[in-house]
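Q: Got a minute to go through this one with me? I'd like to start with the strands and then move on to how the helices pack.
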Amino acid sequence: MMDHVDYYYLLKDRLYLLKDRLLDFFLNVELLQRLFLIHLGGVDIKRRSRNDIAADILRVSMNGAKKTHIVYEVNLNFNMVQKYLEMLSEKELIRQENGLFTTTNKGKVFQEIAKGLEL
């Protein structure tokens, strides 16, 4: 029968083994990520800023667009697009008429300024 000290050392050994396996797993994940980036030609995936997303929505809506079209063109889900459309509507950068979202004159100015800020 095992006493408390033996049990403690057994658990400690298993924890070290688990830690080593987790470390190996994460190193393999990092290696796969690097290989994936090399396969893509070194392309680094960058998150868009709120201004970039807003400018994209305004660009797509320039001549009128349904929400579904905005979702696909801007590459966001419906919930995120809805939040942005509400925000843009509150700021009078976009308006909705007959199921179409259209960029307002104020929105066109914002979109041009945002386009000029891209680096």
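Q: Which residue is the bridge partner of Glu97 in β2?
A: That's Leu100. Keep in mind that we're looking at a predicted model.

Q: And what stands opposite Arg95 in β2?
A: Thr102 does.

Q: OK, so in which sense do β1 and β2 pair, parallel or antiparallel?
A: Antiparallel, and the pairing runs over four bridges.

Q: How many residues sit between the strands in that hairpin?
A: Two. Asn98 in this hairpin takes a positive phi, near 55°.

Q: Let's stay with the strands for a second. Where is Phe101?
A: Phe101 belongs to strand β2.

Q: Is Phe101 buried or exposed?
A: Buried: its relative accessible area is 6%, and the cut-off for calling a residue buried is under 20%.

Q: What does Phe101 touch?
A: Leaving out residues up to four places away in sequence, Phe101 touches Ser61, Gly64, Ala65, Lys67, Ile70, Leu85, Ile94, Arg95 and Gln96.

Q: And what separation do the C-alpha atoms of Phe101 and Ser89 have?
A: They are 9.5 Å apart, with the two residues twelve positions from each other along the chain.

Q: Switching to helices. Which residues of α2 are buried?
A: Helix α2 covers residues 50–60, and its buried residues are Ile53, Ala54, Ala55, Ile57, Leu58 and Val60.

Q: Any general point about helices that I should keep in mind there?
A: Yes: an α-helix has 3.6 residues a turn, so residues three or four places apart point the same way.

Q: What covers those buried residues of α2?
A: The cover includes α3 (67–74), α4 (78–90), β1 (94–97), β2 (100–103) and α5 (105–117).

Q: Take α4 from that list. At what angle do α2 and α4 pack?
A: About 80°, and their axes are 11 Å apart. Angles of 65 to 115 degrees count as roughly perpendicular, so that is what α2 and α4 are to each other.

Q: Which residues make the contact?
A: From α2 you have Arg50, Ile53, Ala54, Ile57 and Leu58, and from α4 there are Tyr84, Leu85, Met87 and Leu88.

Q: How does that contact of α2 with α4 split by class?
A: Eight residues are nonpolar, one is charged and none is polar.

Q: Now α3 and α4. At what angle do their axes cross?
A: Roughly 110°, and the axes come within 10 Å. So α3 and α4 are roughly perpendicular to each other too.

Q: Who's involved on each side of that contact?
A: α3 brings Lys67, Thr68, Ile70 and Val71, while α4 brings Phe78, Val81, Gln82 and Leu85. By class, that comes to five nonpolar, two polar and one charged.

Q: Zooming out, what pattern does the chain follow along the sequence?
A: It reads α-α-α-α-β-β-α, so to speak in totals, that's five helices and two strands.

Q: How much of the chain counts as buried?
A: 22% of its 119 residues.

Q: And how much area does the chain expose?
A: About 9800 Å², with carbon and sulfur atoms supplying 57% of it.

Q: Last one: what share of the contacts comes from residues 24 or more positions apart?
A: 49% of the contacts in the chain with a separation of 6 or more.

Conventions:
Residues are numbered from 1 along each chain as its sequence is written. This is a predicted model: local features need pLDDT of at least 70, side-chain atom pairs count only at pLDDT 80 or more; totals for chains, interfaces and linings use all residues. Side-chain values use heavy atoms; hydrogens and water are left out. Buried means under 20% relative accessible area, exposed over 50%, partly exposed in between (1.4 Å probe, protein chains only). Contact means heavy atoms within 4.5 Å. Axes are lines fitted to C-alpha atoms, for helices over the stretch in contact, and angles run from 0 to 180 degrees between N-to-C directions. Angles under 35 degrees count as roughly parallel, over 145 as roughly antiparallel, 65 to 115 as roughly perpendicular and the rest as oblique. Ala, Val, Leu, Ile, Met, Phe, Trp, Tyr, Cys and Pro count as nonpolar, Asp, Glu, Lys and Arg as charged, and the others, Gly among them, as polar. Accessible areas come from the Shrake-Rupley method with a 1.4 Å probe; for residues, only the protein chains shown count as cover. Two strands pair if DSSP finds at least two bridges between them.
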